[in-house]
Amino acid sequence: MSKLPLWRKTDDKTDWLAHCPGHENLKLYYARTYTSRAGFDCSETNQLITNLKIRPSETHRLHYKKRAIQRFANEVIDGLALQKSPIVLVPMPPSKTPTHPDYDDRIDKVAQLVSNALDQVYYSPLIYRTVDVNAHHIGKSRNPHKIYDHFSIDEALASNIAETKCLVMLDDILTSGAHFTAAKAKLQRRFPNNEIGGLFWAKAEDPDDFF
C-alpha cells in the first residue's frame, strides 16, 4: 500500500491561483499534484484523477471510479483525523444538474464517506448548480462571477447550520481557484459569520512550468 500524501496549505511562494487572490491567507489545503495536459500515465495522481472523473455512463469502468472515490475519501479522513472542532464538509457542485444524464456526484460520495468515518465532520450539500455547463477542463478560462450566478444555496439545509461551524468546500482539483472563489462568495453571503476553507485532492500544475 502506498504511503498517504501529506496535506499542504497553499502559499504565495509555490502556488499561484489566478482567480483566488489572497489565497495564502485562507485555509486551502491540497494533498497531491496533478500535472495538466500530461495524460493519465504521467503519475499516480493523474491516474487517480482520471479514474475519479470517469463518466457514470461508462458502466464497464465504474469499478475504477469507485476505487478512486474511496481512495480520495481515505486520504481526506487521514488529513482530518486530528481535527477537533466540528466542520461542515460542503461538496463542490458538478458541472451538470441532477437531471442531466452525465450528472456526477463523485464529490458528494467522497464527502459522505468522510462524514461517516469522522464524528467531527458533517456532510451538507449546501450549494447546488442551477444550470448545466460544459466541464471546466484544464487550461480553459474561468469566470468566478459567472460560476457564482450558476450556484444557489439549499435553504432547507442552510437553516440547520450553526454560526460556530467552519464550512469546508471539498473538490478534486484546485486549478485557478475560480470555483472556490464563487462558492466562498455564495456561502459568505448566506453565512457571514462562518469561517470558510477548502480541501482539494490535488492542485493542478502546468507541465510548461517545469522547464
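Tutor: Two strands count as paired if DSSP finds at least two bridges between them. Keep that rule in mind for the sheet in this model, which is predicted.

Student: What is the order of the strands in the sheet, and what is the pairing called?

Tutor: The order is E1-E2-E8-E7-E3-E4. These six strands form an open sheet, and the pairing is called mixed.

Student: What makes E1 and E4 stand at the edges?

Tutor: Strand E1, residues 8-9, and strand E4, residues 121-123, each have a single partner strand. One side of each is therefore left without a neighbour in the sheet.

Student: How do you know that E2 and E8 pair, and in which sense do they do so?

Tutor: The rule asks for at least two bridges. Strand E2 (residues 28-35) and strand E8 (residues 196-205) have seven bridges, in the parallel sense. The rule is met, so the two strands count as paired. Within E8, Gly-198 is the bridge partner of Leu-28, and Phe-200 stands opposite Tyr-30.

Student: How many bridges join E7 and E8?

Tutor: Seven bridges join them, again in the parallel sense. Val-168 has Gly-197 in E8 as its bridge partner.

Student: Why is E8 called largely enclosed?

Tutor: A residue is buried when its relative accessible area is under 20%. Nine of the 10 residues of E8 are buried, so the rest of the structure largely encloses this strand.

Student: Which helices pack on the strands?

Tutor: Helix H2, residues 62-80, packs on the sheet and touches E2, E3, E4, E7 and E8. The direction of H2 makes about 125 degrees with that of E8. Helix H3, residues 106-117, lies across E3, E4 and E7 and runs at about 145 degrees to E4.

Student: How do you know that the span of H3 agrees with its 12 residues?

Tutor: The expected span is 1.5 Å times one less than the number of residues. For the 12 residues of H3 that gives 16 Å, and the end C-alpha atoms are 17 Å apart, so the two values agree.

Student: Which residues of H3 are buried, and what do they pack against?

Tutor: The buried ones are Arg-106, Ile-107, Asp-108, Val-110, Ala-111, Val-114 and Ser-115. They pack against H1, H2, E3, E4 and E7.

Student: Why does Leu-52 count as buried?

Tutor: The cut-off is under 20%. Leu-52 has a relative accessibility of 0%, so it counts as buried. Leu-52 belongs to helix H1, residues 44-52. Among the residues it touches are Lys-65, Phe-72, Arg-106, Asp-172 and Trp-201.

Student: Is Asp-172 buried or exposed?

Tutor: Asp-172, in strand E7, has a relative accessibility of 3%, so it counts as buried. Its contacts include Leu-52, Lys-53, Arg-106 and Trp-201.

Student: Why is Ala-135 called partly exposed?

Tutor: Partly exposed lies between the buried limit of 20% and the exposed limit of 50%. Ala-135 has 35% relative accessibility, so it counts as partly exposed. Ala-135 is in the loop between strand E5 (127-129) and helix H4 (144-149). Leaving aside neighbours within four places in sequence, its contacts are Ser-95 and Lys-96. Ala-135 and Lys-96 are 39 residues apart in sequence, with their C-alpha atoms 8.2 Å apart.

Student: At what angle do H1 and H2 pack, and how far apart are their axes?

Tutor: The angle is about 120 degrees, and the axes are 7 Å apart. Leu-48 and Leu-52 of H1 are among the residues that make the contact, as are Ala-68, Ile-69 and Phe-72 of H2.

Student: Which residues of the largest nonpolar core touch the most other members?

Tutor: Of its 29 residues, these are Phe-72, Val-76, Leu-80, Leu-89, Val-114, Leu-170 and Leu-199. H2 supplies the largest share of this core, seven residues. Leu-80 touches Val-114 and Leu-199, among others. A second, separate core has 26 residues, including Leu-28, Ile-147, Leu-167 and Phe-200.

Note on methods:
Residues are numbered from 1 along each chain as its sequence is written. This is a predicted model: local features need pLDDT of at least 70, side-chain atom pairs count only at pLDDT 80 or more; totals for chains, interfaces and linings use all residues. Side-chain values use heavy atoms; hydrogens and water are left out. Helices (H or I, at least four residues) and strands (E, at least two) are DSSP runs, numbered from the N terminus. Buried means under 20% relative accessible area, exposed over 50%, partly exposed in between (1.4 Å probe, protein chains only). Contact means heavy atoms within 4.5 Å. Axes are lines fitted to C-alpha atoms, for helices over the stretch in contact, and angles run from 0 to 180 degrees between N-to-C directions. A nonpolar core is a set of buried Ala, Val, Leu, Ile, Met, Phe, Trp, Tyr and Cys residues joined through side-chain atoms within 4.5 Å.
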